Amino acid sequence: MKKLMVIGIGAGNPDYITMQAVKALNLVDVFFLMDKGQSKDKLIDLRREICERYISEHVYRFVEAHSPERERGDVDYKASVEDLNLAKQMTFERLINEEMSDGQCGGFLVWGDPALYDSTIRILQAILASGRCDFEFEVIPGITSVQALAAQHKVPLNRIGRSIEITTGRRLAAGQVSDADSLVVMLDAEDSYHQVADQETEIYWGAYLGTPDEILISGKLKDVADEIERVRKAARLANGWIMDTYLLRKP
């Protein structure tokens with residue numbers, strides 16, 4: 001039977017790779033790399049670097065495939081995500097059927113942790129449910145950008161006895177968040193921290209965490225929100241993409 005390894009590779013620093021991930025890397029015969037365009041070549045390069053650094057005495061190869069993109073603009077968000085995952089499912093099915101032989105091991109190298117805001121596990125489960133592919137898979141956890149953010153800012157994620165919520169910029173902008181003392185926001189394309197009413201709220205912001213391009217800014221929203229927006233726009237223009245996360249903490 002074919003086997004797939006869904007390996008969390010951490011938030012950008014090759015040193016974030018766990019020993020469990022190293023062992024898994026050395027079992028893989030073919031790695032599937034999803035190409036998201038020239039502007040994100042660094043993400044592909046990092047995956048290749050990780051394999052070169054940690055795989056020893058095992059022959060492996062890479063297979064690249066175009067990664068479908070979500071339709072944006074004035075569309076239903078949930079429907080657009082479902083369409084995206086269906087397109088990815090078709091791509092994954094083709095790779096598994098055409099690029100793997102029975103008994104071989106394939107690998108998906110997932111940024112951060114496969115269980116947090118990533119669709120790989122969900123897509124593989126859907127493929128198995130369809131009955132069009134027969135394989136087993138294993139998930140290897142990784143260090144998330146949430147953990148990297150807290151470590152780089154040298155702050156705990158939660159206060160003693162208080163709650164924490166992890167959500168998206170879209171939900172923050174829509175006011176769809178709880179009354180948690182600490183709020184971690186991911187996937188924010190619209191600078192949604194500007195929507196927070198209490199400007200005394202502390203923000204710990206980080207972009208390209210764990211990479212040589214890492215940027216960190218912290219302070220009260222009233223003091224640093226405009227700076228974050230300015231720096232974020234400049235970084236995105238310079239790199240062609242941005243991946244950032246931030247922690248909001250009530251005063």
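Visitor: At what angle do the axes of H3 and H4 cross?

Guide: Happy to walk you through that one. Keep in mind that this is a predicted model. The two axes, H3 and H4, cross at roughly 70° and come within 9 Å. Angles of 65 to 115 degrees count as roughly perpendicular, so H3 and H4 are roughly perpendicular to each other. The crossing of H3 past H4 is right-handed.

Visitor: Which residues of H3 and H4 make the contact?

Guide: From H3 come Asn85, Lys88, Gln89, Phe92, Glu93 and Ile96, while H4 supplies Thr120, Arg122, Ile123, Leu124, Ala126, Ile127 and Ser130. Sorted by class, this contact holds six nonpolar, four polar and three charged residues.

Visitor: Which residues of H3 are buried?

Guide: The general idea helps here: an α-helix has 3.6 residues a turn, so residues three or four places apart point the same way. In H3, the buried residues include Ser80, Leu84, Lys88, Thr91 and Leu95. Asn85, Gln89, Phe92, Glu93 and Ile96 are buried too.

Visitor: What do the buried residues of H3 pack against?

Guide: They pack against helix H4 and five strands: S1 (2-8), S2 (30-35), S3 (61-66), S4 (105-110) and S5 (135-140). H3 itself covers residues 77-99 and reaches 32 Å from its first C-alpha to its last, close to the 33 Å expected.

Visitor: Now to another helix: is Arg232 buried or exposed?

Guide: Arg232 sits in helix H7, residues 221-239. Its relative accessible area is 7% and buried means under 20%, so Arg232 is buried. Beyond its neighbours within four places in sequence, Arg232 is in contact with Asp188, Ala189, Asp191, Trp205, Ile242 and Asp244.

Definitions and conventions: Residues numbered from 1 in each chain as written. Predicted model: local features only at pLDDT ≥ 70, side-chain atom pairs only at ≥ 80, totals over all residues. Heavy atoms only, no water. Helix = DSSP H or I, 4+ residues; strand = E, 2+ residues; numbered from the N terminus. Expected span 1.5 Å × (residues − 1). Buried < 20%, exposed > 50% of the residue type's maximum accessible area, 1.4 Å probe, protein only. Contact = heavy atoms within 4.5 Å. Axes fitted to C-alpha atoms, helices over the stretch in contact; angles between N-to-C directions. Parallel < 35°, antiparallel > 145°, perpendicular 65-115°, else oblique. Left-handed = near helix turned anticlockwise from the far one by under 90°. Nonpolar A, V, L, I, M, F, W, Y, C, P; charged D, E, K, R; others polar.
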